[in-house]
Amino acid sequence: MKTAIYPGSFDPVTYGHLDVIQRASKIFDELTVSVLNNKTKSPLFSVEERVNILKEVTKDIPNVKIASYEGLLVDYAKQSGASVIIRGLRAITDFEYELQLAQTNHKLSPTVDTIFLTTGLEYAYLSSHTVKEVAAFGGDISQFVPDYVAGKIFEKYKMLKERTE
Ligand code: ADP
């Protein structure tokens, strides 16, 4: 059985991520989408919230599992029995960073390979960061994330606003 891991922040998941998830799920028998618990970043959603959001929006894809991890990605990949890491490529700007990451991971663990998938052009500009910026100012994010995710983002901003008032 060929298994792959798609790691990322997913803070929150966008249609760009979902496009990569859908494409990868057709290539591999099993795909684990895994939320990185990066303690040096201050995300909008907790790891648990991101995992739950991902579970909801991928519930119709049977061979996709959602998990979280911390520490070295290659160690996590080996523990999970996955020999392939999936990463998404948007514009040229992603390329340099992603190449460094893939080469480093391959040096650390030569049995683990990285496969890059591109999204449809309509999502090539899309990032969680931009979606949050638009939402923070009350903009329409319906083209960027599923309704369920948009609801969670606005709920979160409302709660944060109430907390500071
Ligand atoms: P971001 O916060 O920048 O959206 P993540 O860490 O959640 O990024 O992304 C995980 C992976 O998905 C990375 O390889 C990233 O390049 C990729 N990715 C994110 N958005 C897109 C998109 N719109 N199209 C293709 N790949 C994407």
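In the predicted model, strands β1 (residues 3-8) and β4 run parallel and are joined by two bridges. Within this pairing, isoleucine 5 has isoleucine 85 of β4 as its bridge partner. Strand β4 is also joined to β5, by six bridges, and these two strands likewise run parallel. Here arginine 87 stands opposite phenylalanine 116 of β5. The connection is described by a right-handed β-α-β unit made of β4, helix α4 (residues 92-108) and β5.

Strand β4 spans residues 84-89 and is mostly covered, with six of its six residues buried. The residues point in two directions from the strand: Val84, Ile86 and Gly88 point one way, while Ile85, Arg87 and Leu89 point the other way. Residues of both groups are buried. Isoleucine 85, the partner of isoleucine 5, and arginine 87, which stands opposite phenylalanine 116, therefore both count as buried, since buried means under 20% relative accessible area and all six of these β4 residues are buried.

Four aromatic pairs are found in the structure. One of them is formed by tyrosine 125 and phenylalanine 144, in an edge-to-face arrangement with 6.2 Å centre to centre and 75° between the planes. This pair links distant parts of the chain, 19 residues apart: tyrosine 125 lies in the loop between β5 (113-118) and α5 (128-136), and phenylalanine 144 lies in the loop between α5 and α6 (147-164). Phenylalanine 144 has a relative accessible area of 15% and is therefore buried, as the cut-off is under 20%.

Definitions and conventions. Residues are numbered from 1 along each chain as its sequence is written. This is a predicted model: local features need pLDDT of at least 70, side-chain atom pairs count only at pLDDT 80 or more; totals for chains, interfaces and linings use all residues. Side-chain values use heavy atoms; hydrogens and water are left out. Rings of Phe, Tyr and Trp (its six-membered ring) pair if their centres lie within 6.5 Å; planes under 30 degrees apart count as stacked, over 60 as edge-to-face and the rest as tilted. Helices (H or I, at least four residues) and strands (E, at least two) are DSSP runs, numbered from the N terminus. Buried means under 20% relative accessible area, exposed over 50%, partly exposed in between (1.4 Å probe, protein chains only). Two strands pair if DSSP finds at least two bridges between them. A crossover is right-handed if, with the strands pointing away from the viewer, the path from the first strand over the helix to the second runs clockwise.
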